[in-house]
Amino acid sequence: MHLQNRSGFTLIETLLALALIGLIIAPMMLQQGTVLDSVYRISRRLEYTYAAQQFWYEAHAQMNLHATNFSLEKKLDDGTILTFSRGPLDSKSPLAKQKYILQERVTIAWKEFDQPRRDQLVTYVHIIPEEKPA
């Protein structure tokens, strides 16, 4: 008498099923890692943008409203360096011909994955000259 088991999987079928599952899941896991890296980088950049904006407010609180040259620097706990500067426009700028327009710049310098990174927040300000008493 010869009995055959037709209801179960053979070892080869099971190994083929596992290989197919591995071929499908491996690229999905790699893609998930790439997406998570991108989300991390974007969230860090957003954090630095918020830090630059907050530092811009702090610098404005410390300087004279009519100042034409001003600079300030701050180092955060994680090694990030924020630098604020207010000064005249570059002579090549089309706005340089206009009077009383200054450029304010917050520069952010940090390291990401051991690579130095840098970003800037730039604004242009029209100041009204301080009137001197006669």
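**Exercise 1. Work out which strand holds Gln103, and whether Gln103 is buried or exposed**.

Step 1: Gln103 has its place in strand 3. Strands (E, at least two residues) and helices (H or I, at least four) are DSSP runs, numbered from the N terminus.

A word on what you're looking at: this is a predicted model, where local features need pLDDT of at least 70 and side-chain atom pairs count only at pLDDT 80 or more, while totals for chains, interfaces and linings use all residues. Residues are numbered from 1 along each chain as its sequence is written, and side-chain values use heavy atoms, with hydrogens and water left out.

Step 2: Gln103 counts as buried because its relative accessibility is 15%. The cut-offs are under 20% relative accessible area for buried and over 50% for exposed, with partly exposed in between (1.4 Å probe, protein chains only).

Step 3: Now look for its company. Leaving aside neighbours within four places in sequence, Gln103 is in contact (heavy atoms within 4.5 Å) with Ser85, Arg86, Gly87, Leu89, Val122, Thr123 and Tyr124.

Step 4: The side chain of Gln103 also makes a polar contact with the side chain of Arg105, at 3.0 Å. That term stands for a pair of N or O atoms within 3.5 Å; within protein, one must be able to donate a hydrogen and the other to accept it, and residues adjacent in sequence count only if both atoms are side-chain atoms.

**Exercise 2. Find the order of the strands in the sheet, and say which strands are at the edge**.

Step 1: Start with the parts list: the chain has one helix and four strands. From the N terminus on, these elements run α-β-β-β-β.

Step 2: The four strands form an open sheet in the order 1-2-3-4, with antiparallel pairing. Two strands pair if DSSP finds at least two bridges between them.

Step 3: Strand 1 (70–75) and strand 4 (115–126) are the edge strands, since each pairs on one side only. From one strand to the next, the twist averages 15°.

Step 4: Go through the bridges. Strand 2 (residues 81–88) is joined to strand 3 (residues 101–112) by eight of them. Here Ile81 stands opposite Ala109, and Arg86 has Glu104 as its bridge partner.

Step 5: Strand 3 and strand 4 are joined by 12 bridges, and Glu112 stands opposite Gln115. The hairpin of these strands has two residues between them, and in it Phe113 takes a positive phi near 55°.

**Exercise 3. Name the elements that give two or more residues to the largest nonpolar core, then follow Tyr48**.

Step 1: The largest nonpolar core has 10 residues: Tyr48, Ala52, Phe55, Ala59, Met63, Leu82, Phe84, Val106, Ile108 and Trp110. Such a core is a set of buried Ala, Val, Leu, Ile, Met, Phe, Trp, Tyr and Cys residues joined through side-chain atoms within 4.5 Å.

Step 2: Helix 1, strand 2 and strand 3 each give two or more residues to this core. Helix 1 provides the largest share, four residues.

Step 3: How does that helix lie? Helix 1 (residues 11–62) lies across all four strands, strand 1, strand 2, strand 3 and strand 4, and runs at about 140° to strand 3. The axes are lines fitted to C-alpha atoms, for helices over the stretch in contact, and angles run from 0 to 180 degrees between N-to-C directions.

Step 4: Tyr48 belongs to helix 1, and its relative accessibility of 5% makes it buried. Not counting residues up to four places away in sequence, Tyr48 touches Asp78, Thr80, Ile108 and Trp110. Its side chain makes a polar contact with that of Arg44 (2.4 Å).

**Exercise 4. Explain why the chain is more spread out than a compact globule**.

Step 1: The radius of gyration, taken over C-alpha atoms, is 30 Å.

Step 2: The globule rule (2.2 Å times the number of residues to the power 0.38) gives 14 Å for 134 residues. The chain's value is well over that, so the chain is more spread out than a compact globule.

Step 3: Add the box: the C-alpha atoms fill roughly 125 × 35 × 20 Å along the principal axes. Buried residues make up 17% of the 134 residues.
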